[in-house]
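Below are some notes on the model, set out as numbered points. Please read them alongside the coordinates.

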Amino acid sequence: NKYSKGNPFVCVEVVRTLSDRGMLEYKETLSSSTTGRLGTCILAKGVILRNLKLPTSIRSLLTMRLDHLPASELLVSKLASVLGVQFDREALFHIFEVEGGGAYRFGSALLSLEKKGIICETTGVYSMLQFTSPMLQEACLRTMSLELRASIHLNIAAYYEKVLLEMEYSPGDKVT
């Protein structure tokens, strides 16, 4: 199904969760210009498969992944989720600054979230990013209270009002 992306999505999220928690090791076995990197994932030393306790639903699995993110990455994810599945990088940066983040933390959080497969660039549009799955965006939203979401929505609205005013009026124009 388009929303969850089916069983492969579940498998990828289980692997990402285990990898994020340091429970997997990647062993490269072959590298070629035509095939790219090939390798095998194995359980890290000391990890016993039967002792792993993974959530029983994809939503719980995604929430568990998000719960283990560093604070700045979690903040960027939450703010992006209020903007939508696809979102503008500049709007997200503005909201991040309003919420107390800084440019360096924003950039490093974005890069890390991309490496972890939580967000990616939207093809064809430089300033647009997106969650790798609508379910990830929804899981981020579910971690916030309605009051917090409403507050973030107000900050987003203020940002877009400012941007629209700047686009409509040049310096010296009278604003009524």
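1. Axes here are lines fitted to C-alpha atoms, for helices over the stretch in contact, and angles run from 0 to 180 degrees between N-to-C directions. A contact means heavy atoms within 4.5 Å. Helices (H or I, at least four residues) and strands (E, at least two) are DSSP runs, numbered from the N terminus. On these terms, α4 lies across β3, β4 and β5 and runs at about 70° to β3.

2. This is a predicted model, in which local features need pLDDT of at least 70 and side-chain atom pairs count only at pLDDT 80 or more, while totals for chains, interfaces and linings use all residues. Residues are numbered from 1 along each chain as its sequence is written, and side-chain values use heavy atoms, with hydrogens and water left out.

3. The protein chain contains seven helices and five strands. Read from the N terminus, the order of elements is α-β-β-α-α-β-α-α-β-β-α-α. Of the contacts in the chain with a separation of 6 or more, 59% are between residues 24 or more positions apart.

4. The strands that α4 crosses belong to an open sheet of three strands, ordered β3-β5-β4 with antiparallel pairing; two strands pair if DSSP finds at least two bridges between them. β3 (86–88) and β4 (119–121) are the edge strands, each pairing on one side only. Neighbouring strands of the sheet are turned by 35° against each other on average, direction ignored. β4 and β5 (residues 128–131) are joined by three bridges, and C120 stands opposite Q130 in β5.

5. Four aromatic pairs turn up in a search of the whole structure. Rings of Phe, Tyr and Trp (its six-membered ring) pair if their centres lie within 6.5 Å; planes under 30 degrees apart count as stacked, over 60 as edge-to-face and the rest as tilted. One of the pairs is F93 with F106, edge-to-face at 5.1 Å centre to centre and 65° between the planes. F93 sits in helix α4 (residues 89–98) and F106 in helix α5 (residues 103–115), 13 residues apart. Ring pairs also bring F96 into a cluster with F93 and F106.

6. Buried means under 20% relative accessible area, exposed over 50%, partly exposed in between (1.4 Å probe, protein chains only). Why does F106 count as buried? Because its relative accessibility is 6%. F93, at 25%, counts as partly exposed. Buried residues make up 34% of the 176 residues in the protein chain.

7. L148, in helix α7 (residues 146–168), is partly exposed at 34% relative accessible area. L148 and V82 are 66 residues apart in sequence and 9.9 Å apart in space, C-alpha to C-alpha.
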